[in-house]
Amino acid sequence: MARRYNLWSFYLCLIFSLSLVFSDWSVAPPVYILWIFALVAFIVGLFGFEDKTNKWSRVRSVFTFIVSSLLSLILFLGVLRVFLIAEDLFETTYSPDHNYKIEFYLTNGGATTSFGVLGKLDGPLWFEKTVYDDYRMDHADVKWINNHMVSINNHILDLKKGETYSK
């Protein structure tokens, strides 16, 4: 059983870390979902330490422990960001054919930062994509040009092509 834990945690950690490094996700799950996966790989990797059948099983155990603990720590910082930076929903807009829904949030990082505006496009399940991110802004002037093109504060985005704006 320890050998299975060792292999599963290694493969989970390897696939997860490679997908984070080499993938350009246009739509990604929330950070807390990724953090949970990294934490599961870490816990299963701890059970895999009992497998000492050969040199490679020990190398897999050490690799899994180091990579999954680093991923858990980095992603936990992303989870903390959610609690430290306030996002207040202030506007929701739909495309004329109701295929796209963009929610605009006013961000505030505290006394030493300026306000910002985030525009998040809803996707399937819990997925969402940030299509508009502007700093030192406190409003969103939204005009739909057609069913898939939108003008946000005079920045035209084609949502069908996956265009985004970030300042």
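Okay, let's start with serine 151. Which residues does serine 151 touch, once you leave out anything up to four places away in sequence? They are Asp141, Val142, Lys143, Ile145 and Ile156. Serine 151 sits in strand β6, and it is buried, with a relative accessible area of 12%. One thing to keep in mind as I go: this is a predicted model.

So, what is around β6? There's an open sheet of three strands here, in the order β5-β6-β7, and the pairing is antiparallel. β5 and β7, which covers 155–158, are the edge strands, each with a single partner, so each has one side with no neighbour in the sheet. From one strand to the next, the twist averages 25°. If you want to look at the β5 and β6 pairing, those two are antiparallel over three bridges. For a spot to point at, find valine 142: it stands opposite isoleucine 152 in β6.

Just past that strand comes a residue with an odd backbone angle. Asparagine 153 is in the loop between β6 and β7. It's not a glycine, and yet its phi is positive, about 50°. Is asparagine 153 buried or exposed? It counts as buried, at 12% relative accessibility.

There's another one like that to show you. Histidine 98 has a positive phi of about 60°, and again, it is not a glycine. You'll find histidine 98 in the loop between β1, residues 86–94, and β2. Histidine 98 is exposed, though, with a relative accessible area of 58%.

Okay, let me zoom out for a second. The protein chain has three helices and eight strands. Reading from the N terminus, the order is α-α-α-β-β-β-β-β-β-β-β, so the helices come ahead of the strands under the usual DSSP numbering from the N terminus. The chain has 167 residues, and 33% of them count as buried. It exposes about 10600 Å², and carbon and sulfur atoms supply 64% of that. Take the contacts between residues at least 6 apart in sequence: 45% of those join residues at least 24 apart.

Now for the inside. In soluble globular proteins, nonpolar side chains tend to be buried together. Here, the largest nonpolar core has 15 residues, and the members touching the most other members are Ile102, Phe104, Val117, Val131, Val150, Ile152 and Leu159. Which elements give two or more residues to this core? That would be β2 (101–108), β3 (116–122), β4 (128–135), β5 (142–144) and β6 (149–152). The largest share, three residues, comes from β2.

Leucine 159 is a nice one to click on. Leaving out residues up to four places away in sequence, leucine 159 touches Tyr100, Ile102, Leu121, Val131, Trp144, His148 and Val150. There's also a second, separate core of five residues, and among them are Ala38, Val67, Leu71 and Leu75.

Let's go back to β3 for a moment. Six of its seven residues are buried, so β3 is largely enclosed by the rest of the structure. On one hand, β2 and β3 pair in the antiparallel sense, over six bridges. Tyrosine 105, for instance, has leucine 118 in β3 as its bridge partner. On the other hand, β3 is joined to β4 by seven bridges, and those two run antiparallel as well. There, aspartate 122 has glutamate 128 in β4 as its bridge partner.

Last stop, the aromatics. How many aromatic pairs are there? The count comes to one. It's tyrosine 132 with tyrosine 165: the ring centres are 5.4 Å apart and the planes are at 25°, so the pair is stacked. Tyrosine 132 lies in strand β4 and tyrosine 165 in strand β8, residues 165–166, so the pair ties together parts that are 33 residues apart in sequence. And tyrosine 132 is buried, with a relative accessible area of 0%.

Technical notes
Residues are numbered from 1 along each chain as its sequence is written. This is a predicted model: local features need pLDDT of at least 70, side-chain atom pairs count only at pLDDT 80 or more; totals for chains, interfaces and linings use all residues. Side-chain values use heavy atoms; hydrogens and water are left out. A nonpolar core is a set of buried Ala, Val, Leu, Ile, Met, Phe, Trp, Tyr and Cys residues joined through side-chain atoms within 4.5 Å. Buried means under 20% relative accessible area, exposed over 50%, partly exposed in between (1.4 Å probe, protein chains only). Helices (H or I, at least four residues) and strands (E, at least two) are DSSP runs, numbered from the N terminus. Contact means heavy atoms within 4.5 Å. Two strands pair if DSSP finds at least two bridges between them. Axes are lines fitted to C-alpha atoms, for helices over the stretch in contact, and angles run from 0 to 180 degrees between N-to-C directions. Accessible areas come from the Shrake-Rupley method with a 1.4 Å probe; for residues, only the protein chains shown count as cover. Rings of Phe, Tyr and Trp (its six-membered ring) pair if their centres lie within 6.5 Å; planes under 30 degrees apart count as stacked, over 60 as edge-to-face and the rest as tilted.
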